[in-house]
Structure formats: structure tokens, C-alpha cells
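Thanks for making time this morning. I would like to walk through a few local features of this model, taking them one at a time, and I will begin as soon as it is on the screen.

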Amino acid sequence: MTTLLWLLVIVSFILAFVSLVVPIIPGVLMMWIGFLIYHFAIDSTTLSWFFWIVMIIITALMLVSDYVAGSYFVKRYGGSKAGEITALISVIVGSFVYPPFGIILFPLIAVFIVELLVVQDMRKAMDASLGSLLGFLASTFAKLIMLIVMIVWFIIDVFINL
């Protein structure tokens with residue numbers, strides 16, 4: 001039974017990483033499912049209270065990173081609010097239509113079209129489109145680093161306390 005539970009923990013961690021290229025999968029939730037399976041079904045004494053506090057903080061940072069990175073880069077490259085919203089929606093749509101490339105191509109194209117309609121300037125539309133791409137890539141990289149930190153911390157907490 002313990003082997004099956006560990007397998008579920010590992011699968012949930014893998015799904016958290018898959019969420020980086022398939023945004024419809026709630027990555028941070030998958031990570032937490034792994035933590036909770038371990039805590040409630042395998043060993044409820046191993047993970048420290050400090051672990052839980054840090055995981056809550058990292059989770060909050062992950063949830064904010066999408067909005068902050070996307071907004072920052074689209075604005076920095078001259079995009080409008082419509083471009084920001086388009087980037088967010090097109091990442092979700094792109095993940096269904098042409099995964100995993102859709103999450104890169106759809107925002108790039110959609111933001112370009114929306115910005116071209118809004119500002120009617122080819123160069124500004126291209127810049128905003130590039131900003132949406134950079135925002136997505138920065139956010140994805142930040143989430144990757146945070147997921148790695150979460151797993152490494154989990155492994156250290158579990159195996160140091162054995």
C-alpha cells in the first residue's frame with residue numbers, strides 16, 4: 001500500500017511539471033496533492049511546520065507570478081490592457097488547440113492581432129506581442145524554479161527525518 005501511495009505522490013509531482021507546458025493542469029495543486037498524500041497517508045510526523053509555511057509562501061508566489069510577469073512584460077513592451085487579457089486567454093486556448101506549442105504561438109499571434117487593432121501600429125503590436133511571449137517564458141521559468149525548490153525541500157525534509 002505504501003508503494004502505491006508513493007507512486008501517487010510521484011505522479012502528482014510529475015503532473016506539476018507537466019503543467020508548465022499544459023497550463024490547464026493546476027500545477028501547484030498537483031504539488032500540494034503529493035504533499036498531502038504523503039502527510040496524511042504515509043507519515044504525518046515527518047514534514048516540519050517550517051516546511052508547510054515555506055510551501056504556502058512559495059505557492060502564493062507561484063500564483064502571483066503569472067499575473068505579474070505577464071503584465072510587466074506586456075506593459076514594458078507597450079501593450080494595452082486588451083493585449084494583457086488576450087495573452088492570458090490565448091495561453092489557455094493554445095494549450096488545448098496545439099499543445100505544447102500553442103501556449104507560445106497563440107499568445108504571440110493573438111496579442112499581435114489585438115494590439116494591431118487597438119493601436120494600429122505594426123511596430124507597437126510586434127513589441128507587445130514579444131512582451132507577452134517574454135512574460136510567459138519568464139513566468140514559466142519562475143514556476144519551474146519554484147517547483148524544483150518545493151520538491152527538493154520535500155525530499156530533504158522527508159529523508160532527513162527518517
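In this predicted model, E84 forms a salt bridge with K81, and the closest nitrogen and oxygen atoms of that pair are 3.8 Å apart. Both residues belong to helix α4, which covers residues 81-97, and they are 3 residues apart there, about one turn of the helix. The two partners do not share a burial class: E84, with a relative accessible area of 11%, falls under the 20% limit and so is buried, whereas K81, at 46%, lies between 20% and 50% and therefore counts as partly exposed.

How many salt bridges does the structure hold? The count is 2, and another salt bridge brings together the side chains of D127 and R123, at 3.4 Å from N to O. Here the residues are 4 apart in helix α6, which means that about one helical turn separates them. As for accessibility, D127 has a relative accessible area of 23% and is partly exposed, while R123, at 52%, is exposed.

R123 also appears in a contact at the start of α6, where a side-chain oxygen of D121 comes to within 3.0 Å of the backbone nitrogen of R123. The helix itself runs over residues 122-160, a stretch of 39 residues, and the distance from its first C-alpha to its last is 57 Å, close to the 57 Å expected at 1.5 Å a residue.

The same check can be made on helix α2, residues 27-42. Its 16 residues should span 22 Å at 1.5 Å a residue, and because its end C-alpha atoms are 22 Å apart, the two values agree. Which residues of α2 are buried? They are G27, V28, M30, M31, W32, G34, F35, I37, Y38 and H39.

One of these, Y38, is buried and leads us to the loop between α2 and α3, where T46 is placed. The side chains of T46 and Y38 are joined by a polar contact of 3.1 Å, and the side chain of T46 makes a further polar contact, at 2.2 Å, with the side chain of D43. Is T46 itself buried or exposed? Its relative accessible area is 3%, which is under 20%, so T46 is buried.

Let me return to helix α4, where V91 is found. With a relative accessibility of 14%, V91 counts as buried, and, leaving aside residues up to four places away in sequence, V91 touches P23, I103, P107 and F136. It may help to set beside these contacts a pair that is apart in space: V91 and W52 are 39 residues apart in sequence, and their C-alpha atoms are 30 Å apart.

Finally, I would point to V68, which has its place in helix α3, residues 49-76. At 44% relative accessibility, V68 falls between 20% and 50% and therefore counts as partly exposed. Along the chain, V68 and I113 are 45 residues apart, and in space 22 Å separates their C-alpha atoms.

To draw the main points together, E84 pairs with K81 in a salt bridge, D127 pairs with R123 in another, and T46 makes side-chain polar contacts with Y38 and with D43. I am happy to go back to any of these on the screen.

Key
Residues numbered from 1 in each chain as written. Predicted model: local features only at pLDDT ≥ 70, side-chain atom pairs only at ≥ 80, totals over all residues. Heavy atoms only, no water. Helix = DSSP H or I, 4+ residues; strand = E, 2+ residues; numbered from the N terminus. Expected span 1.5 Å × (residues − 1). Polar contact = N/O pair within 3.5 Å; in protein donor to acceptor, adjacent residues only side chain to side chain. Buried < 20%, exposed > 50% of the residue type's maximum accessible area, 1.4 Å probe, protein only. Salt bridge = Lys/Arg side-chain N within 4 Å of Asp/Glu carboxyl O. Contact = heavy atoms within 4.5 Å.
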